[in-house]
Amino acid sequence: QLQLVESGGGLVQPGGSLRLSCAASGFTLDDYVMGWFRQAPGKEREGVACISKSGGFQVYEDFVKGRITISRDNAKNTVYLQMNSLEPEDTAVYYCAAAEHLDRDYCEITRGVYDNWGQGTRVTVSS
């Protein structure tokens, strides 16, 4: 059974950092494109970043460029989201997602291409 479990969320002050992890089980991670999404209270779920199966291609939404880095360790079946210079506007539940049917060196941050989702980890940025 394919499962994604996020961790690493919590309360952090503005300007702080967090590293989120997404542990995959029940499947081979390097067969999947991985993405991170977030959903703030009262808002739609939005894409944050994605990484190709090979790890060599990433896409970031404009609002996180320069502050967030997505990476993957296929040997550990884990995907990471390093978040720096966090802002109150980054407060949200963060979800990782997996997509199988994309080319190996490509990814996109489109909700509809991801068919496997974790339960999310909450990030609160507040002083």
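Me: At 17% relative accessibility, does Asn-77 count as buried or exposed?

Reply: Buried means under 20% relative accessible area, exposed over 50% and partly exposed in between, using a 1.4 Å probe and protein chains only. Asn-77 has 17%, so this residue counts as buried.

Me: Good start! What kind of model is this?

Reply: Residues are numbered from 1 along each chain as its sequence is written, and side-chain values use heavy atoms, with hydrogens and water left out. Local features need pLDDT of at least 70, side-chain atom pairs count only at pLDDT 80 or more, and totals for chains, interfaces and linings use all residues, this being a predicted model.

Me: Back to Asn-77, then: what is its phi?

Reply: Asn-77 sits in the loop between β7 and β8 (strands are DSSP E runs of at least two residues, numbered from the N terminus). Those strands form a hairpin with 4 residues between them. Asn-77 is not a glycine, yet its phi is positive, near 55°.

Me: And which residue of β8 stands opposite Thr-69?

Reply: β7 and β8 run antiparallel and are joined by 6 bridges; strands pair if DSSP finds at least two bridges between them. Thr-69 lies on the uncovered face of β7, along with Ser-71 and Asp-73. Its opposite number in β8 is Gln-82.

Me: Which strands stand at the edges of the sheet?

Reply: The open sheet has 4 strands in the order β1-β3-β8-β7, with antiparallel pairing. Each edge strand has a single partner, so one side of each is left without a neighbour in the sheet: these are β1 (3–7) and β7 (68–73).

Me: Lovely. Now Lys-53: which side chain of opposite charge is nearest to it?

Reply: Lys-53 lies in the loop between β5 (46–51) and β6 (58–60). Lys-53 is buried without a salt bridge (a side-chain nitrogen of Lys or Arg within 4 Å of a carboxyl oxygen of Asp or Glu). Lys and Arg count as positive, Asp and Glu as negative, with His and the chain ends not counted. At 6.3 Å, the nearest side chain of opposite charge is Asp-31.

Me: At what distance does the Lys-53 side chain reach the backbone oxygen of Leu-102?

Reply: A polar atom of the Lys-53 side chain also lies 2.8 Å from the backbone oxygen of Glu-100. For the backbone oxygen of Leu-102, the distance is 2.8 Å.

Terms used
A polar contact is a pair of N or O atoms within 3.5 Å; within protein, one must be able to donate a hydrogen and the other to accept it, and residues adjacent in sequence count only if both atoms are side-chain atoms.
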